[in-house]
Amino acid sequence: MARCLTDFSWVVYIADLLVAKTVQRQGIGAQLLMEVQRVTGPRVQQLLLLSGTDSIKLLPASKALAL
């Protein structure tokens with residue numbers, strides 16, 4: 001699940017990105033981020049607030065910006 005807020009012009013704030021533990025490490029988080037980018041457009045900057053150590057393991061560093 002990816003819960004986002006966007007203006008569809010400049011930024012999409014990804015509030016939550018959740019993948020069930022039983023299916024983690026299968027690229028589902030990366031696929032969710034790609035789908036967010038597809039829906040919002042390639043020029044919209046993605047911002048993701050990471051809050052837990054499990055979250056850091058889920059996403060590649062190039063796809064996330066820790067605030």
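This passage walks through a predicted model of a protein chain, from its overall layout to a few individual residues.

The protein chain contains 2 helices and 3 strands. Followed along the sequence, these elements come in the order β-β-α-β-α. The chain has 67 residues, and 19% of them are buried. Its accessible surface amounts to about 4,900 Å², with carbon and sulfur atoms contributing 60% of that area. Contacts across the sequence were also examined. Among the contacts in the protein chain with a separation of 6 or more, 47% join residues 24 or more positions apart.

A good place to begin a closer look is the pair of strands S1 and S2. Strand S1 covers residues 2-6 and strand S2 covers residues 11-17. The two pair in the antiparallel sense, and 5 bridges link them. Within this arrangement, Thr 6 is found opposite Val 12 of S2. The hairpin that S1 and S2 form has 4 residues between the strands. Phe 8 sits in this loop, and its phi is positive, at about 60 degrees, even though the residue is not a glycine. For residues other than glycine, a negative phi is what most show. Phe 8 is also exposed, because its relative accessible area of 53% lies over the 50% cut-off.

A second residue with a positive phi appears further along the chain. Arg 25 is not a glycine, yet its phi is near 70 degrees. This residue belongs to the loop between S2 and helix H1, the helix that spans residues 28-40. Arg 25 has a relative accessibility of 71%, which is over 50%, so it counts as exposed.

Attention now turns to the interior. The largest nonpolar core is made of 6 residues, namely Val 12, Ile 14, Leu 17, Leu 33, Val 36 and Val 44. Two elements, S2 and H1, each give two or more residues to this core. The biggest contribution is that of S2, which supplies 3 residues. Val 12 therefore has a place both in this core and in the hairpin, where it faces Thr 6.

Several of these core residues meet again around Gln 46, a residue of strand S3, which runs over residues 45-48. Gln 46 is buried, because its relative accessible area is 14% and thus under the 20% cut-off. Which residues does Gln 46 contact, leaving aside its neighbours within four places in sequence? They are Val 12, Ile 14, Leu 33, Val 36 and Gln 37. Of these, Val 12, Ile 14, Leu 33 and Val 36 are also listed in the largest nonpolar core. Leu 33 has a further link with Gln 46, whose side chain reaches the backbone oxygen of Leu 33 at 3.3 Å.

Helix H1 offers one last residue to visit, Ala 30. Is Ala 30 buried, partly exposed or exposed? Its relative accessible area is 32%, a value between the 20% and 50% cut-offs, so Ala 30 is partly exposed. Ala 30 lies 13 residues from Leu 17 in sequence, and their C-alpha atoms are 9.9 Å apart in space. Leu 17, for its part, is one of the residues of the largest nonpolar core.

Definitions and conventions: Residues numbered from 1 in each chain as written. Predicted model: local features only at pLDDT ≥ 70, side-chain atom pairs only at ≥ 80, totals over all residues. Heavy atoms only, no water. Buried < 20%, exposed > 50% of the residue type's maximum accessible area, 1.4 Å probe, protein only. Polar contact = N/O pair within 3.5 Å; in protein donor to acceptor, adjacent residues only side chain to side chain. Contact = heavy atoms within 4.5 Å. Core = buried A, V, L, I, M, F, W, Y, C linked by side-chain atoms within 4.5 Å. Areas by Shrake-Rupley, 256 points an atom, 1.4 Å probe, with all protein chains shown as cover. Pairing = 2+ DSSP bridges.
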